[in-house]
Structures are given as structure tokens and as C-alpha cells.
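Me: Please take a close look at one part of this model for me. I would like to see how two helices pack, and then what surrounds them.

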Amino acid sequence: MTAETQDSPEAVVIGAGPAGLAVARQLDHQHGIKTLVLDRAAAPAISWRTRYDNFRLNTTGFLSHLPGQRIPLNAGRWPTKEDMVRYFDHYVQRQNIAVMLGCEVHRVDRAGGIWQLDTSSGEIRTRAIVLATGNYSAPTIPAWPGLSRFNGEIVHSGDFTNAWPYRGRDVLVVGAGNSAADIAVQLVNDGARRIWLAVRTPPHLVRRAIGPFPSDIFLELFARVPARMIDPLIARMNRLMWGDLSAYGFQRPPLGLKATVEKRGRIPTLADELIDVVRVGRVEVVGAVKAVESDGVILADGTSVTPQVIIAATGFGTALDGLVGHLGVLDEHSNPRGGFASHVGDGMFAIGYGIPPNGPLRAIRVNATPLAREVAVYLKGIGPSVRAPLGCAAADLVAPRQQCRTFDGGIALRMQAETASAKSKGVQ
């Protein structure tokens with residue numbers, strides 16, 4: 001899109017990840033609201049495309065699909081990164097979602113009852129906006145004292161592709177979540193020399209499956225059971241499965257599993273392979289990082305390690321402050337106010353922020369439908385509006401035989417598959 005100002009779509013979604021695609025699909029299919037999805041990346045679901053090579057979905061594919069389209073059964077119980085990327089690409093195509101790629105939104109403002117988006121493709125105006133940029137926009141590394149003086153290599157887990165570059169090297173992995181566990185196991189398998197895992201808060205370690213049942217099935221079954229009732233049972237089950245792991249450096253978590261998810265937003269770590277390599281001494285669990293020196297790392301207990309590489313599996317930020325921080329819609333964690341899916345106010349909605357207890361993809365599917373309904377009710381409540389042309393999706397991301405043509409200097413997406421009934425709803 002090259003025009004300085006685009007004709008106004010009814011709703012704009014910022015972010016072409018799973019949450020943004022799901023809401024856009026529901027707005028179109030359930031409410032006839034054609035929605036434009038913007039993303040600065042060159043492809044949808046970019047955070048999935050850049051995961052490390054051996055990444056697998058931590059929840060079962062059967063429970064992790066988006067509205068209206070299942071993940072293919074041939075992807076298996078826990079789909080790979082490649083399976084999920086194919087699924088999201090097919091989702092865009094089959095659900096006829098209009099995606100404008102390579103379009104970065106710099107700032108969002110409100111004027112005269114309209115949202116104004118300052119983007120790299122010009123100004124876009126809309127009556128409703130959905131923030132769906134996700135939890136993985138900005139890699140974060142703690143400001144450990146002395147970090148800048150470290151002579152070795154510092155890598156964030158978001159930039160970790162595979163373990164081959166670290167063969168024969170001493171590596172400190174910082175973190176105790178699923179990414180840290182996966183990376184530590186990969187380092188063992190691909191020949192790193194010595195591996196430490198720095199743990200600040202003891203994680204809840206669970207198996208990927210208990211017998212024939214995936215662990216997330218149990219989270220689903222116990223979703224409505226209070227933490228005070230279910231956490232003691234989970235703790236007993238874990239002691240039976242793992243035994244006492246304190247001798248290996250894994251202390252007892254301060255809160256129960258469900259309470260940890262609900263109060264701190266920390267999900268359990270799938271640890272089948274991690275525990276195996278810890279027990280045989282290939283990964284050494286150590287305390288939290290206190291400070292960094294030129295040739296080593298000082299730990300919280302006063303001991304030190306001497307890694308050549310630090311891999312920081314220390315999480316991400318939302319990077320929403322520059323986009324909407326001036327509007328007063330963010331909480332103390334820089335997440336949109338209102339929880340995982342909410343109407344922030346004045347036609348600004350948000351979905352996909354924070355860590356839901358039953359897995360983000362399932363939470364997206366469950367919440368996309370009611371959130372789309374809220375958007376539709378809002379648009380109806382502010383009066384009739386002209387259904388505006390949409391930005392043209394990249395040619396390889398739209399349904400077959402779709403055509404683009406120009407409207408008043410803007411670029412619009414016309415779908416040949418639109419029927420007369422769709423036109424009777426007011427779709428132009």
C-alpha cells in the first residue's frame with residue numbers, strides 16, 4: 001500500500017499471530033464485518049516461524065486449533081513448528097483473512113470518535129481496533145550487574161535456532177520454563193561440553209503425558225476446581241512420578257501448580273527429557289544469576305560458574321508502550337487492561353496478553369468468539385457505518401482467484417467468492 005491515507009476499514013487488527021487471525025475470522029464469518037489485519041513482518045505468525053528448530057507444541061493439537069479449522073491429524077499429538085506454520089498459512093487462505101504484511105503501526109491515536117493508525121503504509125482510520133501483537137514482541141534480558149563486561153557470547157532464547165554453534169562450549173542457560181528446558185536438552189544432544197541451568201524460582205515440573213493422556217487434558221478437566229483443592233493432589237502425583245529432586249537442584253515451588261499459574265502467570269515446565277539429563281549429570285542446576293563478570297557469572301549463593309556462552313531464556317515483553325502507552329490503557333506489566341481478552345474502551349479491544357492457565361491457543365479459540373461479538377455490538381451501537389475497502393493481502397496469502405483493484409487511491413481486496421447474500425449484508 002503506497003497511498004498516504006487509506007479508506008477506513010470497519011475494524012483493524014494489529015498483529016497477524018494466532019489471536020489476531022482468530023478474531024478477524026470470527027468478525028467476518030459470524031458478523032459480516034470485513035477486517036484488515038496489519039503486521040510488520042513478512043509473513044503471518046512470525047513468532048512461530050522463528051522458534052528454535054526442535055520446537056513442538058506443548059499442548060495437544062486436538063485442543064489447540066483456531067475457530068473454524070482443525071489442525072490436521074497427521075500433525076500428530078504435539079505438532080512441530082513446521083506443522084503449526086503450515087496450519088496458520090492455510091488458515092489465512094481458507095478463512096479468507098485480509099492480511100497486510102510489512103505494515104508497521106507506529107502509533108495509535110483517537111480523534112473525533114475514530115482511531116487513527118500511523119503506519120509505514122500511511123494513515124489508516126477505523127472505528128474499532130483490536131490489539132493482538134502478543135506476548136513475544138520484545139525479548140528481555142535482566143540488567144544483571146556487570147553484564148556489559150562479559151567477554152563471552154550472550155544470546156536470548158528468541159534468537160536461539162539450534163545447538164550446533166555451541167558444540168564443545170560451556171553454556172549457562174538462564175531460566176526454568178519450557179524454552180530453557182528444551183534448549184538445555186538440545187545442548188546435551190548436540191555436544192555442548194558443560195551445561196548449567198540457572199533457576200531463580202523453582203518451576204513446576206510435569207510430564208508431557210501421564211500414561212496415554214496428555215497433561216493438558218488434566219488442566220482442562222480441573223479448570224473449574226479451586227487451586228486449594230487440586231494443588232495438593234497434583235503435588236502428590238508429582239512426588240510419585242519424579243521422587244525427591246532437591247538433590248539435583250530443583251527445590252519445592254513456593255505455590256501449588258494451579259495457584260502459580262493463576263497468581264503469577266507461570267505455566268508448568270514439561271520436563272521428561274530435562275530430568276533425564278539432569279539425573280545423569282549432563283545438566284547442572286544452579287542458583288539464580290546475581291552478577292556477571294568478564295569471565296564468569298556469580299550466583300545467588302555466592303558460588304560462580306565460567307560459561308563461554310549465556311543463553312537467556314528470560315522471557316519477552318509486549319512492546320506496547322510506544323504504540324498505545326500514551327492512552328493510559330496498559331497495566332503495570334504493560335499489558336492491556338482487562339485480562340486475556342477485553343474491551344479496553346472506546347472501541348479498542350485486546351486479545352492474547354498474559355498467560356492463560358489452559359494454554360494460549362485454546363484460550364484464543366475460546367475468547368475470539370465472544371470478543372468478536374463485543375466488537376460487533378460496539379460497531380452496531382455507534383450507528384451505521386460505510387463498509388470500507390480493505391488493504392490487499394499478499395498474493396500468496398489470500399484465497400485462490402481473489403483480485404485486487406484500486407478505490408480512491410487506496411488498495412482494496414475483492415473476493416470473487418463473495419456471494420449475493422454477502423453483498424446483501426452491505427459488503428462492498
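Reply: In this predicted model, helix H6 covers residues 227-242 and helix H7 covers residues 257-264. The two helices pack at an angle of about 130 degrees. Their axes are 7 Å apart. An angle over 145 degrees would count as roughly antiparallel, and 65 to 115 as roughly perpendicular. The angle here falls in neither range, so H6 is oblique to H7.

Which residues in H6 meet H7? They are Ala227, Ile230, Asp231 and Ile234. On the other side, H7 brings Leu257, Lys258, Ala259 and Glu262. Sort the residues of this contact by type. Five are nonpolar, three are charged and none is polar.

H6 has a second role in the picture. It gives the most to the lining of the second largest pocket, with eight residues. That pocket has a volume of about 510 Å³. It is lined by 23 residues. Closest to its centre are Ala235, Asn238, Arg239, Arg252 and Pro253. The lining divides into 12 nonpolar, six polar and five charged residues.

Now turn to the sheets. One is an open sheet of five strands, with parallel pairing. Its order is E10-E21-E11-E12-E17. Strand E10 (153-156) and strand E17 (283-286) are the edge strands, and each pairs on one side only. Neighbouring strands are turned by 20 degrees against each other on average, direction ignored. At one edge, strand E12 (residues 194-198) pairs with E17 in the parallel sense over four bridges. There, Ala198 stands opposite Val286 in E17.

Another open sheet has six strands, and its pairing is mixed. The order is E4-E3-E2-E8-E24-E23. Its edge strands are E4 (98-101) and E23 (341-345). The twist averages 25 degrees from one strand to the next. Inside this sheet, E8 (residues 128-131) and E24 (residues 348-351) run parallel, joined by three bridges. Val130 has Phe349 in E24 as its bridge partner.

Helices pack on this sheet too. Helix H10 (residues 360-381) touches E8, E23 and E24. Its direction makes about 175 degrees with that of E24. Helix H1 (residues 18-31) lies across E2, E3, E4, E8 and E24. H1 runs at about 170 degrees to E3.

Definitions and conventions: Residues numbered from 1 in each chain as written. Predicted model: local features only at pLDDT ≥ 70, side-chain atom pairs only at ≥ 80, totals over all residues. Heavy atoms only, no water. 1 Å grid on protein atoms, 1.4 Å probe; cavity = no way out; pocket = protein on both sides within 12 Å on 5 of 7 lines; lining within 4 Å. Points joined across faces, edges and corners; volume = space filled by probe spheres on them. Nonpolar A, V, L, I, M, F, W, Y, C, P; charged D, E, K, R; others polar. Axes fitted to C-alpha atoms, helices over the stretch in contact; angles between N-to-C directions. Parallel < 35°, antiparallel > 145°, perpendicular 65-115°, else oblique. Contact = heavy atoms within 4.5 Å. Pairing = 2+ DSSP bridges.
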